[in-house]
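Please go through the model shown below by way of questions and answers on its sheets, buried residues and enclosed spaces.

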Amino acid sequence: MTKKYDVEIPVLIVGGGGAGLTSSILLSRLGVESLLVTRYPSTTHVPRAHMLNQRSMEIFADMGVDSQIRAKGAPQEYMSRIGFLSGLAGGGPKNGHGRRIGSIEAWGGGYTDPEYVAASPQAAANLSLRRSEPVLKEHAERYDHAAIRFNHELVGLEQDAAGVTSTVLDRGTGETYTVRSRYLLGADGGRTVGELAGVQLSGPEKIMTLTSMYLSMDLSPYLDEAEDAVFHWIFNPDHPRHLGWGAVLVPEGPEWGRKSKEWVLHVTGEGMDASQPEKMVQWAREAVGLPDIDIEVLTIAEWDMGGYLADDFRAGRVFMLGDAAHKVPPAGGLGLNAAVQDAYNLCWKLAAVLDGRAGDALLDTYSAERRPVNQHNLDTAMQAAPAQFGAAEVMGLSPDKSAEENWAVLRLFWEDGPGAVERRHAFTQWLGNLTLVFHQHNTDFGYTYDSPAIVGDSTPAPAPLDAIRLYQPSTRPGHPLPHAWVDRAGERTALRELIHGGHFALIAGEDGHDWVEAATQIAEQRKLPLRAARVGLGDVDFVDTRLAWTKQREISTTGAVLVRPDGHVAFRSAASVDDPAAVLSAAFRRILHTDGE
C-alpha cells in the first residue's frame, strides 16, 4: 500500500516570521508537533518592526527567549524617548545643527514611568525583526516537536472535515510533497494562505508612501550622547524640500545609541525612487546634512502605509495570524506585537483541542477575541498616524520657505526672541498629541476579550479613562491578569508566572482553601495543566508583601479568579460559594467548550 501523504503532522505553520516562529515555539512547549515552512531561504534581512511592547515581552518570557532578545536589543537608557532634532550638520547658523527641538517619552520612558513599571514585570524592548527572527528560529529549532523548513513554499491546499492537505514546493530541489495536518496556521504575511483559503480582507486606503533606507554609516561624531533615543526625527532647514515630513532616523545596532553602525532612514517626498540607490543616498545625505558622509547601502525599499483586516481569522481548519490577518500603520508599533499576541491566544487552544481536553468550538473564540482587538489596533493606528504629520507646520518650517527663513523660525527653540515662548509651547502641545502614538498603553497592553471562552460575572465593564492611552488593571473576566510581585520561601516572583508553560491558574484569597481544593481535583480529573494558590497575607502560598494584588484583586478573602494560559481572567467569584467544585466545573465546561459532557 502506497503512502497517501509525504508528511502527517498535527499543525502546519506557513510563514517563518514573528508570528510563525512564535507559534512553533509555543506549540512545542505545549507538546504539539508542528512543521513550519516558508518560501524564503533565510530570516529577513530587512530591519522591520523593532518595538516589542510589554505584553509581547511577557509572552517571550513565557517562551524563554526574553533574555536573548534583551541581550541583543537596545539598553533601556536608549529607549526613554523620541527626539526631534535639527539637521546634524551643514551650512546653517553656528551651533544650529544637531540641536534638540523637543522630545517625548515613549513606551514607558525606558521603564521609568510608574504606570508601566506597575503594569508588568517586563519592560518594552527594541530589536528589529532582522535580529529577533534569528533568535526565534534558533530557539524553535531546539525542540524535537518542531520541524523548520526554510526555502519551502506552500503552493496549494485543500480542506475537508478532518484536516488540510497542503502541497509544498522545495525551492532548492524543485520537487513538491504533500503535508496532511489537522490544522494550518497562515502566518505568511497574507501572500498565499489567505487567498487559497478564501479569506477576505477589508480596510482603509493607504495613508502615504514611504521609502526606507537601510544604511551603514558612522554618525557618532554628530550625535550628542545625551540625545540617544529610540529614534530621531530630523528636520534640516538647509534643504527645505525635506521639511514637509522630515526624516526618521532609527538606530539598528548591533551597538546602540549614537554608536550604532547601522541605521534606518524613513523618508517621503516627490521624486522618491528605490530603484536608484545613488539618488536616494543623495537624499539621505541632505536629510541629515552630511553631504560627504560615507554611506553603504544595505537595502532600499518603498512601501505603502495603510491597513486591512480579515473578515474572519478562521476559515475551516485554517487560521490567520499576524499580517495575514491584519496590517496596521506603524504608528505605535502594533503590527509585530499583535502577531505575537495572536499566536499566544491561539496556541493553547489548539493544544487543548488536539489533546482532547477541549471541543473544536473553542477555536472559534480565536477570531471572536482577536479580531476586535486588532480592529481597535487598526483604528488606533489610523488615528495616530496623522498625528505625526504636523511637526514641521507647528515648528513654523515649510518647503516653500528659504533655508534662511526656516532657520530663523527654528532658532526660536533655543534662542529668546519675539514669539519664542509661544512657538515652543505650541510644539509642546503638539507633542502631547503624540501620546496617541507613544503612550498607547491600554491599546498595546490592556486589551480585553469577550467570547464564550470567558465566563462573565454580570459586573458592568469599567468606563475607560482613555481607551487608548491609559491601562486600568482589573480582574473582571476578559481582562488581563493584573501584575503583582509576590513572595514564597524568600523568593520573589511575578504572579503571572503561574500561567507559564500553558497552565491555568486558580488564584484564591487568604481563606479560599475550598477553591484551591476544588480546582486541583478538577484539574486531575480533566488532565488540565493548572496551578492553584492562595495569595495575600498570613498563612498563604504566596505572600503579597507589596499589597499590589490586594489592591487590584477585586475579590474578598474567600473569593477566587481563574486565569487562562494566555493570561486573561476567564472566571471570577467575588466570595465563597456553597459548591465551588460544581461552579468551577461549569466554568471549565464553558471555557473549554465541553458542554456536551
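Two strands pair if DSSP finds at least two bridges between them; helices (H or I, at least four residues) and strands (E, at least two) are DSSP runs, numbered from the N terminus. This is a predicted model, in which local features need pLDDT of at least 70 and side-chain atom pairs count only at pLDDT 80 or more, while totals for chains, interfaces and linings use all residues. Residues are numbered from 1 along each chain as its sequence is written, and side-chain values use heavy atoms, with hydrogens and water left out.

Q: In the open sheet of seven strands, which strands stand at the edges?
A: The pairing in this sheet is mixed, and its order is β5-β4-β13-β14-β15-β12-β16. Neighbouring strands are turned by 20° against each other on average, direction ignored. The strands that pair on one side only are β5 (100-105) and β16 (296-305).

Q: Which residue of β16 is the bridge partner of Met213?
A: Strand β12, residues 208-216, runs antiparallel to β16, and nine bridges join the two. Within β16, the partner of Met213 is Ile300.

Q: What angle does the direction of helix α5 make with that of β14?
A: Helix α5 (residues 129-140) packs on the seven-stranded sheet, where it touches β12, β14 (247-253) and β15 (262-267); contact means heavy atoms within 4.5 Å. Axes are lines fitted to C-alpha atoms, for helices over the stretch in contact, and angles run from 0 to 180 degrees between N-to-C directions. On that basis the angle between α5 and β14 is about 35°.

Q: Why is one side of β11 and of β20 left without a neighbour in the sheet?
A: These strands belong to an open sheet of three strands with antiparallel pairing, in the order β11-β17-β20. One side of each is left without a neighbour because β11 (201-202) and β20 (326-327) stand at the edges, each with a single partner strand.

Q: Which residue of β17 is the bridge partner of Ser202?
A: Strand β17 covers residues 308-310 and is joined to β11 by two bridges, the two strands running antiparallel. The bridge partner of Ser202 in β17 is Leu309.

Q: At what angle to β17 does helix α9 run?
A: Helix α9, residues 364-384, lies across β17 and β20. Its angle to β17 is about 175°.

Q: How many residues are there in the hairpin connection that joins β8 to β9?
A: Strand β8 (residues 152-159) and strand β9 (residues 164-170) pair in the antiparallel sense over seven bridges. Gln159 stands opposite Val164 in β9. The hairpin joins the two strands through a number of residues that comes to four.

Q: Is Ile148 buried or exposed?
A: Ile148 is placed in strand β7, residues 146-150, and, not counting residues up to four places away in sequence, it touches Ser24, Leu36, Ala140 and Glu141. The classes are buried (under 20% relative accessible area), exposed (over 50%) and partly exposed in between, with a 1.4 Å probe and protein chains only. Because its relative accessible area is 17%, Ile148 is buried.

Q: What relative accessibility does Asn345 have?
A: Asn345 is placed in helix α8. Leaving out residues up to four places away in sequence, Asn345 touches Tyr366, Glu369, Arg370, Tyr449, Arg564 and Asp566. Asn345 counts as buried, and its relative accessibility is 0%.

Q: What is the volume of the largest cavity?
A: On a 1 Å grid over the protein atoms alone, a cavity is a set of points where a 1.4 Å probe fits but cannot get out, and a pocket is an open set with protein on both sides within 12 Å along at least five of seven lines; lining residues have an atom within 4 Å of a point. Grid points are joined across faces, edges and corners, and a volume is the space filled by probe spheres set on the points. By this rule there are four cavities of 30 Å³ or more, and the volume of the largest is about 110 Å³.

Q: Which element gives the most to the lining of the largest cavity?
A: Among the lining residues are Leu26, Arg29, Tyr344, Cys347 and Trp348. The elements that give two or more residues are α1 (18-29) and α8 (334-354). The one that gives the most, with three residues, is α8.

Q: Which element gives the most to the lining of the second largest pocket?
A: This pocket has a volume of about 610 Å³ and is lined by 30 residues, of which Gly446, Tyr447, Thr448, Tyr449 and His479 lie nearest its centre. The element that gives the most, with five residues, is α9.
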